[in-house]
Amino acid sequence: MLARVSHSEGRTSLADYRSALTTRAARRPAIASVLARLPIAMIGISALLYVQRETGSFAAAGLVSAGSLVGVSVGAVIQGRLIDRFGPTRPLLVVAVTLALSMSALVTSIESHAPTAVMVALGAVTGLSEPMVGSASRALWGRLLPPGGARNAAFSYEAISMEVFFILGPGLAGLLVTAPWAGTGLVLGVALQFTGAVLFALSPAVRAWGPATGSSPSLLGALASPGMRTLALAALGFGVVIGFVEVAVPASATEAGHASVGGLLLSAWSLSSVAFGVAYSLRPWPRRLGLRLPALLGAFGALVALLAWPSSLWGLALMMLLAGALITPQSTAHSSTIEVVAPAGTAAEAFGWVLTAVTLGLAVGQSVSGYVVEHAGPSAAFLAASVAGLALAALVWALRGTVRPAVTAPVPSLVGAGQ
């Protein structure tokens with residue numbers, strides 16, 4: 001168990017990235033995973049813009065988007081548990097087909113101007129059936145690579161690539177909504193996700209991942225581990241802080257008379273996140289994961305407070321670049337912590353809980369931030385985000401002793417397969 005902790009908390013090198021990404025068995029699922037995850041931040045926004053364009057109502061569009069987020073939150077955990085239990089192939093193929101059918105029904109309801117409740121329900125089903133290829137891909141690396149630098153690099157790659165997709169997704173959605181048909185972005189996003197999920201599910205390395213053997217995990221699944229619950233709390237705090245900022249930044253741009261700049265400002269902190277994420281993975285700090293989770297969340301909260309200081313959008317952009325540097329390191333730390341605290345056989349579900357916690361945090365942060373912005377202004381929202389992040393970091397600090405290896409049987413490994 002000590003070796004497991006040491007490997008998970010060690011450094012990576014550029015050679016480790018090369019070793020992970022050139023592993024023969026990982027090539028096909030890695031490429032398929034890119035296709036499936038590229039539209040992950042595109043589908044919800046495309047649906048929102050599409051509904052607004054067809055109905056003329058931002059209220060209806062927001063409800064459909066919220067329904068989709070709820071569906072994704074629930075689906076991440078359910079699919080993760082099914083993937084852990086039966087392997088990824090069957091669950092991913094089933095949800096991919098369900099996604100295609102639910103998207104067709106959603107488009108039909110939008111085109112026919114169906115009641116908002118119908119569109120919200122179909123949006124929720126669409127979110128529920130979005131294939132959780134990210135969870136399966138992250139868990140697959142743990143089966144293809146032995147503990148050490150290459151596996152750590154693979155986890156960092158997953159976090160960094162997800163951040164890139166979150167940068168590209170909203171821009172693609174905004175571009176495609178101007179196409180002759182406003183539903184182009186939604187259909188293209190679902191088509192990419194469907195294709196990537198099917199190719200991933202049918203790749204040899206994934207098909208070799210069969211059903212779990214032995215006893216089933218407890219009813220709590222991954223959350224049976226105290227360390228996993230602490231990780232979920234850290235992920236929740238991460239989402240809360242980002243949710244506050246995602247509302248306050250566009251509000252700042254609008255207040256300054258440049259509403260269209262809001263999206264560019266959010267992209268700015270994503271860019272610094274990706275750039276710093278690679279450097280951080282080469283020399284992570286603090287070395288102990290139990291300290292890393294609260295330290296990164298607390299530092300993130302403290303840096304977000306600086307966003308309340310600038311009096312110009314240029315100054316806000318510089319502060320965004322600074323605060324954004326700690327986004328990908330937190331995602332990488334979450335992924336590394338799963339390797340330590342998740343009970344054996346629950347890796348995909350554990351990642352699903354992290355996604356759910358972040359999504360719920362985003363929802364809480366955005367809703368509270370909207371109220372604060374309206375009643376006290378964007379600067380107050382930035383300060384509130386900082387207070388929330390620091391408070392939750394303090395809770396994670398108090399629980400840092402739970403971040404230790406779960407005492408469970410080892411997970412079957414595919415190390416060496418196809419290399």
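What should the 15 residues of helix α16 (residues 327-341) span at 1.5 Å a residue, and how far apart are its end C-alpha atoms? The expected span is 21 Å and the end C-alpha atoms are 21 Å apart, which agrees; the expected value is 1.5 Å times one less than the number of residues.

This is a predicted model, in which local features need pLDDT of at least 70 and side-chain atom pairs count only at pLDDT 80 or more, while totals for chains, interfaces and linings use all residues. Residues are numbered from 1 along each chain as its sequence is written, and side-chain values use heavy atoms, with hydrogens and water left out.

**Helix α16**
- In α16, 14 of the 15 residues are buried (under 20% relative accessible area, 1.4 Å probe, protein chains only).

**Helices α4 and α10**
- Helix α4 (residues 43-55) packs with helix α10 (residues 184-202) at an angle of about 155°, and their axes are 8 Å apart.
- That angle makes α4 roughly antiparallel to α10 (over 145 degrees).
- From α4, I43, S46, A47 and Y50 meet G185, L186, G189, V190 and Q193 of α10, contact being heavy atoms within 4.5 Å.
- By class, this contact of α4 with α10 has five nonpolar, four polar and no charged residues; Gly is among those counted as polar.

**Residue V206**
- V206 is part of helix α11 (residues 204-207) and is buried, with a relative accessible area of 0%.
- G87 is 119 residues from V206 along the chain, yet their C-alpha atoms are separated by 7.8 Å.
- Apart from neighbours within four places in sequence, V206 is in contact with P29, P88, T89, L140, F200 and A201.

Definitions and conventions: Helix = DSSP H or I, 4+ residues; strand = E, 2+ residues; numbered from the N terminus. Buried < 20%, exposed > 50% of the residue type's maximum accessible area, 1.4 Å probe, protein only. Axes fitted to C-alpha atoms, helices over the stretch in contact; angles between N-to-C directions. Parallel < 35°, antiparallel > 145°, perpendicular 65-115°, else oblique.
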